[in-house]
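Here is a quick tour of one protein model, with an eye on how its side chains pack. Have the sequence open next to the 3D view and follow along.

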Amino acid sequence: MRINRFLARAGIASRRKSEAILLEGRVTINGLRVDHLATEVSPQDIVCVDGKHIAWPQERLLLAYHKPVGLLCSHSDPHASRLIYDDLPKDLGLFSIGRLDRDSEGLLLITNDGILAQSVAHPSMETEKEYVVVLNRPFVEKDRETLLRGVSIEGSLWRMDAVKPYTSDAGLDEILPQWPPKILPTRIVRVFLHEGHKREIRRLFAALQYRVLRLVRVRVAEIQLYGILPGDYRVLEGSL
């Protein structure tokens, strides 16, 4: 395996950024510094980046995980908060493809394959994600066009791909705690996005004076949350 592919598979960086790390002289193989992009490595080699040993990537694993509210998408936390990795298999080099904030819940894709993660997360892939959002007040129809047209946040235009009324999806009430909420259906919407700004949905609604009470990611590409209880996961076969 070429060294840049190895570094990407190990989740160090994208293949292009891995090439930059190599050319900067930060990589050693069996104690020798290397900077040639065509360098090949095998499981018997000891590869280090900035002096840190990089384990050989294991066979690719892709999980669909149901993140509960209150868990962090992090490998460590100084405040001893619960982490998503407390629910997941250990010592497999797993990491999440993208994130959900502490107060959000739903589908997270988990892998040990950096190349797969980069391909899914890269904006050029335009991977569609679907969310169910509970608002503090009924959604006003005229706000739909504003969200689709875009709102200026942090100097750039953030927008939703679609905002649709919520309809009772089979199975959602079986896996989500306290669902459906005892509120007017007009306060629940389905949101579709392919971008990934931090807290994007919450901030877009906040710009229109809505407060998000509950945010659930129910789909990434063709992979559905349905059937997975909070804190559980299922192993996915094949690729996205």
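Are Phe-139 and Phe-205 buried or exposed? Both Phe-139 and Phe-205 are buried. Keep in mind that we are looking at a predicted model here.

**Aromatic rings**

That pair is a good place to start. Searching the whole structure turns up 4 aromatic pairs. In one of them, Phe-139 meets Phe-205 edge-to-face, with 6.3 Å from centre to centre and 85° between the planes. Phe-139 sits in the loop between strand S8 (129-135) and helix H4 (142-149), while Phe-205 belongs to helix H6 (residues 200-207), so this pair ties together parts that are 66 residues apart in sequence.

Phe-139 has another ring partner, Tyr-210: the centres are 5.8 Å apart and the planes are at 35°, so this pair counts as tilted. Tyr-210 comes from the loop between H6 and strand S13 (212-220), and Phe-139 from the loop between S8 and H4, so the parts tied together here are 71 residues apart in sequence. Tyr-210 is buried, and so is Phe-139. Put the three together and you have one aromatic cluster of Phe-139, Phe-205 and Tyr-210.

Two charged side chains also make use of rings. Arg-137 places its charged end over the ring of Tyr-210, 3.7 Å from the ring centre. Lys-164 does likewise with Phe-192, its charged end sitting 4.9 Å from the centre of that ring.

Here are the ring contacts side by side:

| Partners | Kind | Distance to or between ring centres |
|---|---|---|
| Phe-139 and Phe-205 | edge-to-face pair | 6.3 Å |
| Phe-139 and Tyr-210 | tilted pair | 5.8 Å |
| Arg-137 and Tyr-210 | charged end over ring | 3.7 Å |
| Lys-164 and Phe-192 | charged end over ring | 4.9 Å |

**The nonpolar cores**

Phe-205 turns up again in the largest nonpolar core, which has 55 residues. Which members touch the most others? They are Val-133, Met-160, Val-191, Ile-201 and Phe-205. Take Ile-201 as an example: leaving aside residues up to four places away in sequence, Ile-201 touches Tyr-131, Val-133, Met-160, Val-191, Leu-193 and Leu-215. Apart from this core lies another one, with 13 residues that include Leu-7, Ala-13, Val-27 and Val-41.

**Cysteines**

How many disulfides are there? The count comes to 0. Cys-48 counts as buried, at 13% relative accessibility. Cys-73 is buried too, with a relative accessible area of 6%.

**Backbone oddities**

A few spots in the backbone deserve a click. Trp-179 and Pro-180 are joined by a cis peptide bond, with omega at about 0°. To find Pro-180, look in the loop between helix H5 (172-175) and strand S12 (188-193).

Then there are positive phi values outside glycine. Asn-30 is one of these, with phi near 55°, and it lies in the loop between strand S1 (27-29) and strand S2 (32-34). At 45% relative accessibility, Asn-30 counts as partly exposed.

Glu-154 also has a positive phi, about 55°, without being a glycine. You will find Glu-154 in the loop between strand S9 (151-153) and strand S10 (156-158). Is Glu-154 buried or exposed? With a relative accessible area of 63%, Glu-154 is exposed.

Note on methods:
Residues numbered from 1 in each chain as written. Predicted model: local features only at pLDDT ≥ 70, side-chain atom pairs only at ≥ 80, totals over all residues. Heavy atoms only, no water. Core = buried A, V, L, I, M, F, W, Y, C linked by side-chain atoms within 4.5 Å. Buried < 20%, exposed > 50% of the residue type's maximum accessible area, 1.4 Å probe, protein only. Contact = heavy atoms within 4.5 Å. Disulfide = S-S within 2.5 Å. Helix = DSSP H or I, 4+ residues; strand = E, 2+ residues; numbered from the N terminus. Phe/Tyr/Trp six-rings, centres within 6.5 Å; stacked < 30°, edge-to-face > 60°. Lys NZ or Arg CZ within 6 Å of the ring centre and 35° of its normal.
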